[in-house]
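Trainee: I have just opened this entry and would like to be walked through it. Could we look at it together?

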Amino acid sequence: MKNIVILISGGGSNMAAIVRASQQQDWARRYGARVAAVVSNKAEASGLVFAREQGIATEVLDHRPFPSREAFDAELAQVIDRHAPSLIVLAGFMRILTPGFVAHYEGRMINIHPSLLPAFTGLHTHQRAIDAGCRFAGCTVHRVTAELDVGPILEQAVVPVLPGDTAQALAARVLVQEHLIYPRAVAQLMRG
């Protein structure tokens, strides 16, 4: 069985979309794949409740007590590795990962970013797209590399920027597309 481990920090809506797709499309039978665990750096992450309700193993590793990013990432890798992952999926995991952590999972870790990469890496992507006068925005699924938001692109979706758009309105429309393309990208990787 190919185990998928999903990392979240909050509500986990992309994680939930992936879990639902895995159930509806029967990834276990079709691809020999399953969401094996959901890991969060925040105990109060509401996405953990959804994962538990689906019978998925959950773990919490609070980053705050660790003296450095490296120390946290080393422990996080141990937590993840207990689930023998074929794929690590970052789904709103709000931590910048260290190069050592990324190297440990090289070729096995993906992320979704709320812009049409390579445009608008980092934060505040929707407002930045509006401020730049973009007519289109969107989201990108990409492989994770040591450099933030620049890994090879696996899938993208385009969303129009409408006259009078706010960052919140644009974000809501982009999120709808995220929930479509992220499960599709994971399924393609599990299909091999």
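**Around Thr125**

Mentor: Let us begin with one residue and its surroundings. Beyond its neighbours within four places in sequence, Thr125 touches His113, Pro114, Ser115 and Phe120. Please keep in mind that this is a predicted model.

Trainee: Which helix is Thr125 in?

Mentor: Thr125 belongs to helix H6, which covers residues 125-131.

Trainee: And is Thr125 buried or exposed?

Mentor: Thr125 has 5% relative accessibility, and the cut-off for buried is under 20%, so Thr125 counts as buried.

Trainee: What lies 2.9 Å from a polar atom of its side chain?

Mentor: That is the backbone oxygen of Pro114.

Trainee: There is also Pro118. Where does Pro118 lie?

Mentor: Pro118 is in the loop between E5 and H6. With 72% relative accessibility, Pro118 counts as exposed. Its C-alpha atom is 27 Å from that of Ala21, and the two residues are 97 apart along the chain.

Trainee: Changing topic to the sheet: what is the order of the strands?

Mentor: The order is E3-E2-E1-E4-E5-E6-E7, in an open sheet of seven strands with mixed pairing. The edges are strand E3 (57-60) and strand E7 (153-160); each has a single partner strand, so one side of each has no neighbour in the sheet. From one strand to the next, the twist averages 20°.

Trainee: In which sense do E1 and E4 pair?

Mentor: Strand E1 (residues 2-8) and strand E4 (residues 85-90) are parallel, and five bridges link them. As one example, Leu7 has Leu90 in E4 as its bridge partner.

Trainee: How many bridges does E6 form with E5, and in which sense do the two pair?

Mentor: E5 and E6 are joined by four bridges and pair in the antiparallel sense. Ile112 has Val141 in E6 as its bridge partner.

Trainee: And how many bridges join E6 to E7?

Mentor: Seven bridges join E6 to E7, and these strands also run antiparallel. Cys139 is partnered with Ala157 in E7.

Trainee: Why is E6 described as largely enclosed?

Mentor: Strand E6 spans residues 136-143, and six of its eight residues are buried, so the rest of the structure largely encloses this strand.

Trainee: Now the helices. Which strands does H1 lie across?

Mentor: Helix H1 (residues 13-24) lies across E1, strand E2 (33-40), E4 and strand E5 (109-113), and runs at about 160° to E2. The buried residues of H1 are Asn14, Met15, Ala16, Ala17, Ile18, Val19, Ala21 and Ser22.

Trainee: How does the span of H1 compare with what is expected?

Mentor: Its 12 residues should span 16 Å at 1.5 Å a residue, and the end C-alpha atoms are 16 Å apart, which agrees. Just after H1, Asp26 has a positive phi of about 50°.

Trainee: What about the span of H7?

Mentor: Helix H7 (residues 167-191) has 25 residues, which should span 36 Å at 1.5 Å a residue; the end C-alpha atoms are 35 Å apart, which agrees.

Trainee: Where is the kink in H7 centred?

Mentor: The kink, of about 25°, is centred on Glu178. Glu178 is among the buried residues of H7, which also include Leu170, Val174, Ile181, Tyr182 and Pro183.

Trainee: Which residue just after H7 takes a positive phi?

Mentor: That residue is Gly192, with a positive phi of about 85°.

How values were computed:
Residues numbered from 1 in each chain as written. Predicted model: local features only at pLDDT ≥ 70, side-chain atom pairs only at ≥ 80, totals over all residues. Heavy atoms only, no water. Pairing = 2+ DSSP bridges. Axes fitted to C-alpha atoms, helices over the stretch in contact; angles between N-to-C directions. Contact = heavy atoms within 4.5 Å. Expected span 1.5 Å × (residues − 1). Bend = angle between axes of the 7 residues up to and from the residue. Buried < 20%, exposed > 50% of the residue type's maximum accessible area, 1.4 Å probe, protein only. Polar contact = N/O pair within 3.5 Å; in protein donor to acceptor, adjacent residues only side chain to side chain.
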